[in-house]
Amino acid sequence: MTEIRVLDHGFVRLDGSMADDLSVVNAARVSFGRYKEEMEESDVGLIRFLMREKHGTPFEHNSMRFHVKAPIFVTREWQRHRVASYNEFSMRYAKLENPDFYMPDEFRQPTEGSKPGQYQYEKWRGNQQRTKEMLKNHYQDSIDIYNWAVENNMAREQARLALPVAIYTEFYFTVNARSLMNFLSLRNEPQAQFEIREYARTLEEIWAGLMPITHETFVNNNRTAP
Ligand SMILES: Cc1cc2nc3c(=O)[nH]c(=O)nc-3n(C[C@H](O)[C@H](O)[C@H](O)COP(=O)(O)OP(=O)(O)OC[C@H]3O[C@@H](n4cnc5c(N)ncnc54)[C@H](O)[C@@H]3O)c2cc1C
């Protein structure tokens, strides 16, 4: 699958999958020694039942492997989700070549009166353009220090100390539908930070294409993971 662009330099790409609605049905029906080759109307009802009653394990017999490029501050939030497998680009073993840094389209501020955990945002009233210029200079300084340190034989694991959390990294994320639903319930919802939400929205679109009935049932079940 081709990369789907996210933010200014990021992407999500489905690298491989073993995921369909039928796997949910067959995992549940094995309890009765039954197996199906194709989905039938009654199977839609079964998926709804499993979701509603929180019979979560039949949603685990599938797997999606995503290749992701995201800023480190997004990756840090993302990798708090433990029920998944991760491998990430190593700044110990490899030198960064032409790194990208995240620059938001616009800066935001919490609207007056909004509280932690229920933040709402509006456009930041500071000088947007000037701040972008300052940040751009800061990014350039950070990469200059990094390159200078590496060229002077400092270990890459220390040279990276100069780099900000806005720098992009790449990783593989392998997850099953049950855990992905938990991820989406937390990260593709209004309280999640805008930047990770953009990635979660993209993951959800890809997953909906692979398991459309499970996805629809999740949405209709108040986006609650079983
Ligand atoms: C809006 C938002 C704000 C956040 N703010 C903060 C913050 O300020 N500080 C902070 O530290 N984190 C914060 N987090 C991260 C949050 O606490 C979780 O670490 C993260 O969302 C992963 O969720 P999870 O544990 O459900 O996912 P996973 O780690 O993928 O776990 C999936 C499910 O498996 C089960 N599970 C996994 N591990 C265990 C375990 N050890 N014991 C029992 N059950 C387990 C649970 O049912 C869990 O829901 C925030 C998350 C969100 C969405």
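**Notebook: sheet and packed helices**

I looked up the sheet first and found an open one of 5 strands in the order β1-β2-β3-β7-β4, with antiparallel pairing; strands pair if DSSP finds at least two bridges between them, and strands (E, at least two residues) and helices (H or I, at least four) are DSSP runs numbered from the N terminus. The edge strands, each pairing on one side only, are β1 (4–6) and β4 (85–88). I noted an average turn of 25° between neighbouring strands of this sheet, direction ignored; angles run from 0 to 180 degrees between N-to-C directions of axes, which are lines fitted to C-alpha atoms, for helices over the stretch in contact.

The model is predicted: local features need pLDDT of at least 70, side-chain atom pairs count only at pLDDT 80 or more, and totals for chains, interfaces and linings use all residues. Residues are numbered from 1 along each chain as its sequence is written, and side-chain values use heavy atoms, with hydrogens and water left out.

I then checked the pairing of β1 with β2 (residues 10–18), which is antiparallel over 3 bridges. R5 has F11 in β2 as its bridge partner.

Next I turned to the helices. Helix α7 (residues 194–210) lies across β1, β2, β3 and β7, at about 30° to β2. α7 packs with helix α8 (residues 212–220) at about 125°, the axes being 5 Å apart. The two are therefore oblique to each other (not under 35, over 145 or from 65 to 115 degrees, which count as roughly parallel, antiparallel and perpendicular). The contact (heavy atoms within 4.5 Å) involves residues including W207 of α7 and F218 of α8.
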